[in-house]
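This briefing takes up the fold, the strand pairing, the helix packing and the annotated positions of one chain. Please read it alongside the sequence and the coordinates.

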Amino acid sequence: MSAVLTAARSAVRAARPSARAIPAASLSLAARSVHTLPKLDYAYDALEPHISGQIMELHHSKHHQAYVNGLNAAEQSYAKAPSPKEQIKLQSALKFNGGGHINHSLFWKNLAPQAQGGGELAAGPLKDALVADFGSIDAFKKKMNSVTAAIQGSGWGWLGYNPDTKKLEIVTTPNQDPLLTHVPILGIDIWEHAFYLQYHNVKADYLTAIWNVINFKEAERRFVEAAKSA
Ligand SMILES: [Fe+2]
């Protein structure tokens, strides 16, 4: 073996951290992923006039950040919980903050400025499936809006793909519960923080406006993937 290779291998060994030197507790914490706030693909004001920049900034930088922080805190507490009883106590925080992080991460991708194709549903597999399952695109939007508006309190309206029936269906989840029965194709946040600063109590106006900035390309990508793996 050449001296250069030997020296290089020694250097690699020296640089490699010794697992024996790190306490087991630190290792398990180091291996845990820390959730972070995803960046948006567009500026906060890029969805105006349909969703105001003020709403987007607060929604993303304050509300979503709070779910991320809450999830990280709950996961850390869970890892340190001394008994199953203490772990069970954390289930609600994990579900609420974990669901909030999952749902909002999907929601930002659901939206796109009109200059980037927001609101446009091009001919393709998603449009064909929506027409087949709901009769027309207008009928689909109308049904999605009425089902979402009827949610009591806070929650989410979803266009989901049912892997059993292989159909697109409109479903809802309360609070920040993530959609588990279907593959989420499109989600609409109907928490007041998503619309109140601009639309006040008129949910119907928010629900009408949001279709102008729906990212149907992303929805179609999810639909094609879901149908392929069903
Ligand atoms: Fe939200």
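In this predicted model, buried residues account for 27% of the 230 residues in the chain. Of the contacts between residues at least 6 apart in sequence, 66% join residues that are at least 24 apart. The chain holds ten helices and three strands, and from the N terminus on its elements follow the order α-α-α-α-α-α-α-β-β-β-α-α-α.

**The sheet**

- The three strands form an open sheet in the order β2-β1-β3, with antiparallel pairing.
- Strands β2 and β3 (183-189) stand at the edges with a single partner strand each, so one side of each of these two strands has no neighbour in the sheet.
- Direction ignored, neighbouring strands of this sheet are turned against each other by 25° on average.
- Six of the eight residues of β1 are buried, and this strand is therefore largely enclosed by the rest of the structure.

**Strand pairing in detail**

- Strand β1 (residues 155-162) and strand β2 (residues 167-174) run antiparallel and are joined by eight bridges.
- Along this pair, G155 has P174 of β2 as its bridge partner, L159 is partnered by I170 of β2, and Y161 stands opposite L168 of β2.
- The two strands β1 and β2 form a hairpin with four residues between them, and within the turn K166 has a positive phi of about 60°.
- On the β3 side, β1 and β3 pair in the antiparallel sense over six bridges, and G157 stands opposite I188 in β3.

**Helices against the sheet**

- Which strands does helix α5 touch where it packs on the sheet? Helix α5 (residues 91-110) touches β1 and β3, and its direction makes about 85° with that of β3.
- Helix α10 also involves these strands, since it lies across β1 and β3 and runs at about 150° to β3.

**Helix α6 against helix α10**

- The axes of helix α6 (residues 125-134) and helix α10 (residues 216-229) come within 9 Å and cross at roughly 80°. Because angles of 65 to 115 degrees count as roughly perpendicular, this crossing makes α6 roughly perpendicular to α10.
- The contact is made by P125, L126 and A129 on the α6 side, and by F216, A219, E220, F223 and V224 on the α10 side.
- By class, the contact of α6 with α10 comprises seven nonpolar residues, no polar residues and one charged residue.

**Annotated positions**

- UniProt, in an unreviewed entry, places the feature "binding site" at H59, H104, D189 and H193. Although these positions are spread over 135 residues of sequence, they cluster in space, with a largest C-alpha distance of 12.2 Å.
- Where in the fold does H104 lie? H104 belongs to helix α5, the helix that packs on the sheet and touches β1 and β3.
- Is H104 buried or exposed? H104 has 25 other C-beta atoms within 10 Å, and because 20 or more are enough for a residue to count as buried, H104 is buried.
- Not counting residues up to four places away in sequence, H104 touches H64 and Y67.
- D189 has its place in strand β3, one of the strands at the edges of the sheet.
- With 25 C-beta neighbours inside 10 Å, D189 likewise counts as buried.
- Leaving aside its neighbours within four places in sequence, D189 is in contact with F107, W156 and A194. Of these partners, F107 falls within the residue range of helix α5 (residues 91-110), and W156 falls within that of strand β1 (residues 155-162).

Terms used
Residues numbered from 1 in each chain as written. Predicted model: local features only at pLDDT ≥ 70, side-chain atom pairs only at ≥ 80, totals over all residues. Axes fitted to C-alpha atoms, helices over the stretch in contact; angles between N-to-C directions. Parallel < 35°, antiparallel > 145°, perpendicular 65-115°, else oblique. Contact = placed C-beta atoms within 7 Å. Nonpolar A, V, L, I, M, F, W, Y, C, P; charged D, E, K, R; others polar. Pairing = 2+ DSSP bridges. UniProt positions renumbered as here; feature names shortened; annotations may be inferred. Buried ≥ 20, exposed ≤ 12 C-beta atoms within 10 Å, placed from the backbone.
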